[in-house]
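The following exercises concern the surface and the helices of one protein. Please study the sequence and the structure before reading each solution.

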Amino acid sequence: MKTKQPFETLVAQHGAVVWRVCRAVLSTPADAEDAWSETFVAAMRAYPDLPDTANVQAWLVTIAHRKAVDVVRARARAAVPVAVLPEPPPHRDAAPEHDHPVWAAVAALPPRQRHVVAYRYLGGLPYRQIAELLGGTPEAARRASADGLSTLRRTLTTTDLEGEDR
């Protein structure tokens, strides 16, 4: 019988992917931070029962999707406007990504396209799993991905990304 990795190792290996998926799906760093934290709390509880043969990254991305939906629902119920926003929490990515033009372009995508692009290109999920998460067919997920990428290509120009590593 194979021994499971310590949970901390999973966080280190997959934390950035989960963060990027949460960030892309939720559009705001604060909501993404909430979903990221909730993802790993839920994953830690369920980890002992996870089969050794499971695709851990796909499992974590699935949990992140569900937690992102929970955050959206919670924000809709308990929105409280404030005069001054608190400082954003430190993020897992090195650059202050929430100011990057790519995030604004991703946030502007229609929700389905944004989710498919996030799960496919940030979470590494196959279209079949994306279709299961979002409902629909793998072909529809593939189409939403193509449309989202096309929109991103039209929206983002070389000048938007000057000085950035591509």
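**Exercise 1.** Determine how much accessible surface the protein has and what share belongs to carbon and sulfur atoms.

*Solution.* The accessible surface, by the Shrake-Rupley method with a 1.4 Å probe, comes to about 9900 Å². Of this surface, 57% belongs to carbon and sulfur atoms. The model is predicted: local features need pLDDT of at least 70, side-chain atom pairs count only at pLDDT 80 or more, and totals for chains, interfaces and linings use all residues. Residues are numbered from 1 along each chain as its sequence is written, and side-chain values use heavy atoms, without hydrogens and water.

**Exercise 2.** State how many helices and strands the protein has.

*Solution.* Helices are DSSP runs of H or I with at least four residues, and strands are runs of E with at least two, numbered from the N terminus. The protein has 7 helices and 0 strands.

**Exercise 3.** Decide how the buried residues of α7 are arranged around its axis.

*Solution.* Step 1: helix α7 covers residues 138–155. Step 2: its buried residues (under 20% relative accessible area, 1.4 Å probe, protein chains only) are Ala141, Ala144, Ser145, Gly148, Leu149 and Leu152. Step 3: these residues cover an arc of only 130°, so they lie on the same side of α7; the arc is taken from the directions from the helix axis to the C-beta atoms. Step 4: the face turned away from the buried side carries Glu139, Arg153 and Arg154, which are exposed (over 50% relative accessible area). Step 5: the buried residues pack against α4, α5 and α6, contact meaning heavy atoms within 4.5 Å.

Conventions:
The expected span of a helix is 1.5 Å times one less than its number of residues.
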